[in-house]
Amino acid sequence: MDTKNKILAVTALSADYCRTLEICRDLEVEEFVDKMLNLLPRLYLAFTDVVGESEESEEYFESYVDEDFYESIRRKVESLLGPDDTFLETFEENMKYSDTPIAASISESLADIFQPLYNFISIVKDSEGEKAEAAYTECRENFMSYWAQTLCNVLRAINWLKYKGN
């Protein structure tokens, strides 16, 4: 698959993830969990698959996700999951110095992933695809810097939600 088609596929996958979070209040918990278990591993693979000769992005893009939008997404997921929104974070840097467990939030983790993906798809859409490669590069840099670990951690928590009764 050539670079243009890979980026198109990643854009569609990212849009599906963002759309799922935006409409999560209309979903049952089990359906939402299943969708996340489907989307998150695919996103991880899509952003570890090197597209072209990705160099560091030299272009700066404004964020499309302000604090209110971020909070609205986070609250939707939190409302859907209720008390199951919290999980113990084992990869927190401060964990090795703490005697008490450190709690994390599925809703916050998913919103943290939502933000760069929403920015990515918005840049692609607004530029009519002309800035798709630069937007992908920026999103991939953000993935490697911080949201890859977030994705792995929240995937573990969502997997637990799926199979906790078994």
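## Helix packing around H5

Alanine 157 lies in helix H5, the element that spans residues 132-163, and the model in which this residue is placed is a predicted one. With a relative accessible area of 6%, alanine 157 is buried, because a residue counts as such under 20%. Leaving aside residues up to four places away in sequence, alanine 157 touches Phe87 and Ile106. A further relation across the chain is given by threonine 86, which stands 71 residues from alanine 157 along the chain, while the C-alpha atoms of the two are separated by 8.6 Å.

From this one position the view can be widened to the whole chain. The secondary structure comprises five helices and two strands, and, read from the N terminus, these elements follow one another in the order α-α-α-β-β-α-α. The chain has 166 residues, of which 42% are buried. Among the contacts in the chain with a separation of 6 or more, 78% are accounted for by residues 24 or more positions apart. The accessible surface of the chain amounts to about 9,600 Å², and carbon and sulfur atoms contribute 48% of that area.

Helix H5 packs against helix H2, which covers residues 29-48, with the two axes 9 Å apart and at an angle of about 150 degrees. Angles over 145 degrees count as roughly antiparallel, and H2 and H5 are therefore described as roughly antiparallel to each other. Their crossing is left-handed. Sorted by class, the residues that form the contact of H2 with H5 comprise 20 nonpolar, two polar and three charged.

Helix H1, made up of residues 3-22, also meets H5, and here the axes come within 10 Å and cross at roughly 60 degrees. An angle of this size falls in none of the parallel, antiparallel or perpendicular ranges, so H1 and H5 are oblique to each other. The sense in which H1 passes H5 is left-handed. On the side of H1 the contact is made by Thr3, Ile7 and Val10, and on the side of H5 by Ala132, Glu133 and Tyr136. By class, the residues of this contact are four nonpolar, one polar and one charged.

Another packing arrangement joins helix H3, residues 67-81, to H4, with an angle of about 140 degrees between them and their axes 8 Å apart. Because roughly antiparallel requires an angle over 145 degrees, H3 and H4 are classed as oblique to each other. H3 passes H4 in a right-handed crossing. The residues that H3 brings to the contact are Phe69, Tyr70, Ile73, Arg74, Val77, Glu78 and Leu81, and those from H4 include Ile106, Leu110, Ala111, Phe114 and Tyr118. Ten nonpolar, two polar and four charged residues make up the contact of H3 with H4. Ile106, named here on the H4 side, is also one of the residues that alanine 157 touches.

The path from H4 to H5 leads through a loop, and this loop, which follows helix H4 (106-126), contains glutamate 128. The phi angle of glutamate 128 is near 55 degrees, a positive value in a residue other than glycine. Is glutamate 128 buried or exposed? At a relative accessibility of 72%, glutamate 128 counts as exposed, because the cut-off for that class is over 50%. In H5, by contrast, alanine 157 is buried, at 6%.

How values were computed
Residues are numbered from 1 along each chain as its sequence is written. This is a predicted model: local features need pLDDT of at least 70, side-chain atom pairs count only at pLDDT 80 or more; totals for chains, interfaces and linings use all residues. Side-chain values use heavy atoms; hydrogens and water are left out. Helices (H or I, at least four residues) and strands (E, at least two) are DSSP runs, numbered from the N terminus. Buried means under 20% relative accessible area, exposed over 50%, partly exposed in between (1.4 Å probe, protein chains only). Contact means heavy atoms within 4.5 Å. Axes are lines fitted to C-alpha atoms, for helices over the stretch in contact, and angles run from 0 to 180 degrees between N-to-C directions. Angles under 35 degrees count as roughly parallel, over 145 as roughly antiparallel, 65 to 115 as roughly perpendicular and the rest as oblique. A crossing is left-handed if the near helix is turned anticlockwise from the far one by less than a right angle, and right-handed if clockwise. Ala, Val, Leu, Ile, Met, Phe, Trp, Tyr, Cys and Pro count as nonpolar, Asp, Glu, Lys and Arg as charged, and the others, Gly among them, as polar. Accessible areas come from the Shrake-Rupley method with a 1.4 Å probe; for residues, only the protein chains shown count as cover.
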